[in-house]
Amino acid sequence: MAVSFDEVEVGTELPAQSFPVSRATLVRYAGASLDFNPIHWNERFAREVGLPDVIAHGMFTMAEAVRVVTDWTGDPASLVEYGVRFTRPVVVPDDENGAVIEVTAKVAQLLEDRRVRVDLLVTSVGQKVLGMSRAVVQLS
Amino acid sequence: MALDASFIGRTYPPTEVYEVGREKIREFARAIGDANPVYTDQEAAKALGHPDVLAPPTFSFTLSYTAAAQVVQDPELGLDFSRVVHGDQKFLYSRPLRAGDRVRVLISIDNIKSLAGNDVLTVRGEIVDESGEHVVTSIMTLVARAADEAAGE
């Protein structure tokens with residue numbers, strides 16, 4: 001099942017995914033990650049510091065985005081390197097829909113030792129939320 | 001006032017041992033909604049050649065960020081944490097963290113610079129196992145915004 005280096009080329013697209021985010025998701029992530037910054041669960045506090053509403057943890061968005069890569073390779077141990085820039089917050093309204101993080105990715109470069117660089121495009125409401133989002137994976 | 005660049009290269013004492021727990025991994029995997037069985041099912045992990053369940057790739061941030069408090073709260077450095085946002089995050093993996101790992105974090109300051117009035121601080125966290133073998137490096141860039149700007153992430 002594992003993706004082989006021989007099967008990919010520059011431009012190969014990974015299966016895109018969408019990840020819903022609700023206030024409940026953020027509370028659960030706060031507990032699991034021990035990041036209890038109130039901008040992620042307290043709307044009053046978020047507005048007081050100039051945000052439009054509660055925002056998702058940057059690290060939550062980073063965790064979601066890489067699932068596109070680890071689902072593709074099958075084994076998270078394939079990940080050699082992963083980096084992002086937090087460019088814009090994912091605003092999570094307190095309603096039925098919450099927010100959605102959309103992730104597309106493609107192979108950007110073939111590297112030595114059967115490794116490839118994957119570039120991710122991570123958006124919410126049509127706007128890029130992570131910049132310079134790149135992973136390097138070891139393929140078989 | 002800009003941060004003191006002489007702190008570049010400073011290292012901090014290793015943290016206490018953190019033992020990676022199977023149930024903590026499970027809780028984290030559930031929180032990010034990732035149903036990959038390699039995070040929860042020992043047999044699935046073994047089928048891929050791992051000795052125990054793996055932690056998801058960003059799990060280690062909790063450790064490195066907690067350890068980075070040594071820098072963030074260093075009174076000599078004098079970072080105003082109320083103005084700090086997480087700018088960049090990068091991980092360099094030798095292998096995934098997994099249940100049963102007993103690890104320490106070695107924190108150091110990679111860089112300090114001033115950009116448009118903001119202080120930009122790069123903190124490196126090396127996570128090593130009990131035998132001293134490298135597991136994962138976390139490189140985080142923290143941006144302390146100039147005092148007159150709004151906060152955010």
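Which residue in β2(B) is the bridge partner of Glu81(A)? The exercises below lead to this point and beyond it; the structure is a predicted model.

**Exercise 1. Identify the bridge partner of Glu81(A) and describe the strand pair to which the bridge belongs.**

Solution.

Step 1. Within β2(B), Glu81(A) has Leu92(B) as its bridge partner.

Step 2. The two strands concerned are β2(A) and β2(B), the latter spanning residues 84–93; they run antiparallel and are joined by five bridges.

Step 3. A further position in this pairing is Val84(A), which stands opposite Gln89(B).

Step 4. As general background, strands of a sheet pair through backbone hydrogen bonds, in either a parallel or an antiparallel manner.

**Exercise 2. State the order of the strands in the open sheet and name its edge strands.**

Solution.

Step 1. The sheet contains 10 strands, and its order is β1(A)-β3(A)-β4(A)-β5(A)-β2(A)-β2(B)-β5(B)-β4(B)-β3(B)-β1(B), with antiparallel pairing.

Step 2. The edges are β1 of chain A and β1 (18–19) of chain B, since each of these strands pairs on one side only.

Step 3. Reading the order, β2(A) lies between β5(A) and β2(B). Its pairing with β5(A), residues 127–138, is antiparallel and comprises six bridges. In this pairing Tyr82(A) stands opposite Ala135(A).

Step 4. β2(A) is also mostly covered, with six of its eight residues buried.

**Exercise 3. Follow the sheet through chain B from β2(B) to β3(B) and give the number of bridges in each pairing.**

Solution.

Step 1. β2(B) pairs with β5(B) in the antiparallel sense over nine bridges. Here Gln89(B) has Met140(B) as its bridge partner.

Step 2. β5(B) pairs with β4(B), again in the antiparallel sense, over 10 bridges. In this pairing Met140(B) stands opposite Val123(B). Met140(B) therefore has a partner in β2(B) and another in β4(B), as a strand may pair with two others where at least two bridges are found with each.

Step 3. β4(B) and β5(B) form a hairpin with four residues between them, and Gly132(B) in the turn has a positive phi of about 90°.

Step 4. β4(B), residues 118–129, pairs with β3(B), residues 102–115, in the antiparallel sense over 12 bridges. Asn111(B) stands opposite Thr122(B) in this pairing.

Step 5. As for exposure, β5(B), residues 134–144, is mostly covered: 10 of its 11 residues are buried.

**Exercise 4. Describe the interface between chain A and chain B by its contacts, its area and its composition.**

Solution.

Step 1. In the interface, 37 residues of chain A are in contact with 31 residues of chain B.

Step 2. The area buried between the chains is about 2,700 Å², and carbon and sulfur atoms give 58% of it. On the side of chain A, the residues that lose the most area to chain B are Ala32(A), Met59(A) and Phe86(A), together 19% of what that side buries.

Step 3. There are three salt bridges between the chains. Asp34(B) forms a salt bridge with Arg67(A), in which the closest N and O atoms are 3.7 Å apart; this pair qualifies because the cut-off is 4 Å. There are also 11 residue pairs in polar contact.

Step 4. The elements of chain A that give two or more residues to this side are α1 (23–33), α3 (58–65), α4 (67–73) and β2 (79–86). The largest share, eight residues, comes from β2(A).

Step 5. By class, this side of chain A has 21 nonpolar, nine polar and seven charged residues.

**Exercise 5. Place helix α1(A) within the fold of chain A and name the elements against which its buried residues pack.**

Solution.

Step 1. Chain A has four helices and five strands, and from the N terminus on its elements run β-α-α-α-α-β-β-β-β.

Step 2. Of the 140 residues of chain A, 51% count as buried. In α1(A), the buried residues include Leu26(A), Tyr29(A), Ala30(A) and Ala32(A).

Step 3. The buried residues of α1(A) pack against β1 (13–21), α2 (43–48) and α3 of chain A, together with α1 (22–31) and α3 (61–67) of chain B.

Step 4. After α1(A) comes Leu34(A), whose phi is positive, near 65°.

How values were computed. Residues are numbered from 1 along each chain as its sequence is written. Chains are lettered from A and ligands numbered from 1 in the order in which they are written. This is a predicted model: local features need pLDDT of at least 70, side-chain atom pairs count only at pLDDT 80 or more; totals for chains, interfaces and linings use all residues. Side-chain values use heavy atoms; hydrogens and water are left out. Contact means heavy atoms within 4.5 Å. Buried area is the accessible area (1.4 Å probe) that two parts lose on being put together, summed over both. A salt bridge is a side-chain nitrogen of Lys or Arg within 4 Å of a carboxyl oxygen of Asp or Glu. A polar contact is a pair of N or O atoms within 3.5 Å; within protein, one must be able to donate a hydrogen and the other to accept it, and residues adjacent in sequence count only if both atoms are side-chain atoms. Ala, Val, Leu, Ile, Met, Phe, Trp, Tyr, Cys and Pro count as nonpolar, Asp, Glu, Lys and Arg as charged, and the others, Gly among them, as polar. Buried means under 20% relative accessible area, exposed over 50%, partly exposed in between (1.4 Å probe, protein chains only).
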